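User: I would like to go through the nonpolar cores and aromatic pairs of this model step by step, with the reasoning behind each answer.

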Amino acid sequence: MAVYTSLSRIQIEQLLAPYKLGEIKHYEGISDGIENTNYRIITDTSNYILTIYEHFNAEEVPFYLQLLAFLRNHDIPVPEQVKKNQALGFWQEKPVAVFKCLPGQSLIKPKAHHCQQIGTALAQIHRIGQNFPSTQQNAWGAGWLQSTGKTLLSQLAKDDARLLQDELLFQQQYVLNTAHQSLPQGIIHADLFRDNALLSISNSAVF
């Protein structure tokens with residue numbers, strides 16, 4: 001379940017009022033996903049997604065919104081943000097953004113050709129993402145792996161702890177290796193699940 005922040009109709013109307021998106025005909029929480037709260041909103045003008053960022057603050061969210069805009073400008077099918085006077089809204093100090101709803105649906109049992117379409121879309125994102133001018137440290141990169149691994153050592157059996165300690169040491173040496181530092185770097189989609197990618201009627205992948 002990914003609806004961490006429950007909203008009533010009146011609260012959703014308050015959040016959407018500055019966007020002037022028309023009268024709400026239907027709304028529902030979206031259970032797919034694991035990080036943010038998402039609501040599907042149907043108004044008399046169009047369909048929208050209301051996202052409440054549960055784990056990012058106001059300084060972190062703009063990076064992702066700018067990336068989406070950059071990808072859209074390069075014809076990548078990603079959500080388009082609906083803007084008001086400010087780029088972000090807030091609900092109980094949590095950043096909020098509104099997006100136009102993308103067409104398509106997630107598949108419970110994707111087939112090989114669906115995976116091929118997803119792979120093609122990912123390749124386009126990764127190729128174009130190399131030109132995105134902003135950078136950001138990977139929150140779950142080498143530093144996170146080291147610190148998280150070390151917190152687990154005292155909770156493991158002796159043999160398991162030794163195995164993890166050896167692996168942490170190996171990874172630390174590998175990350176500091178000159179060859180590793182010279183590897184290509186760029187924006188990637190590192191959070192791909194069945195339920196956060198859509199297949200449109202034309203059988204092209206959208207994110």
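User: Does F63 count as buried, partly exposed or exposed, and at what relative accessibility?

Analyst: This is a predicted model, and the class of a residue follows from its relative accessible area, with buried meaning under 20%. F63 falls under that cut-off and therefore counts as buried, its relative accessibility being 12%.

User: Which kind of aromatic pair do F63 and Y64 form?

Analyst: The partner ring belongs to Y64, which is partly exposed with a relative accessible area of 28%. The ring centres of F63 and Y64 lie 5.3 Å apart and their planes stand at 90°. Planes over 60 degrees apart count as edge-to-face, so the pair of F63 and Y64 is edge-to-face.

User: Which residues form one aromatic cluster with F63 and Y64?

Analyst: A search of the whole structure finds 5 aromatic pairs. F63 and Y64 belong to one aromatic cluster, in which they are joined by F56, F70 and F132.

User: How are the ring planes of Y27 and Y39 arranged, and which strands hold these residues?

Analyst: The centres of the Y27 and Y39 rings are 6.5 Å apart with the planes at 45°, so this pair is tilted. Because the two residues lie in different strands, the pair ties together parts that are 12 residues apart in sequence, with Y27 in β1 and Y39 in β2.

User: Which residues does I12 touch, leaving out those up to four places away in sequence?

Analyst: I12 is among the residues with the most contacts inside the largest nonpolar core, which has 17 residues. With sequence neighbours up to four places away left out, I12 touches L7, I24, Y27, Y39, I41 and L50.

Key: Residues are numbered from 1 along each chain as its sequence is written. This is a predicted model: local features need pLDDT of at least 70, side-chain atom pairs count only at pLDDT 80 or more; totals for chains, interfaces and linings use all residues. Side-chain values use heavy atoms; hydrogens and water are left out. A nonpolar core is a set of buried Ala, Val, Leu, Ile, Met, Phe, Trp, Tyr and Cys residues joined through side-chain atoms within 4.5 Å. Buried means under 20% relative accessible area, exposed over 50%, partly exposed in between (1.4 Å probe, protein chains only). Contact means heavy atoms within 4.5 Å. Rings of Phe, Tyr and Trp (its six-membered ring) pair if their centres lie within 6.5 Å; planes under 30 degrees apart count as stacked, over 60 as edge-to-face and the rest as tilted. Helices (H or I, at least four residues) and strands (E, at least two) are DSSP runs, numbered from the N terminus.
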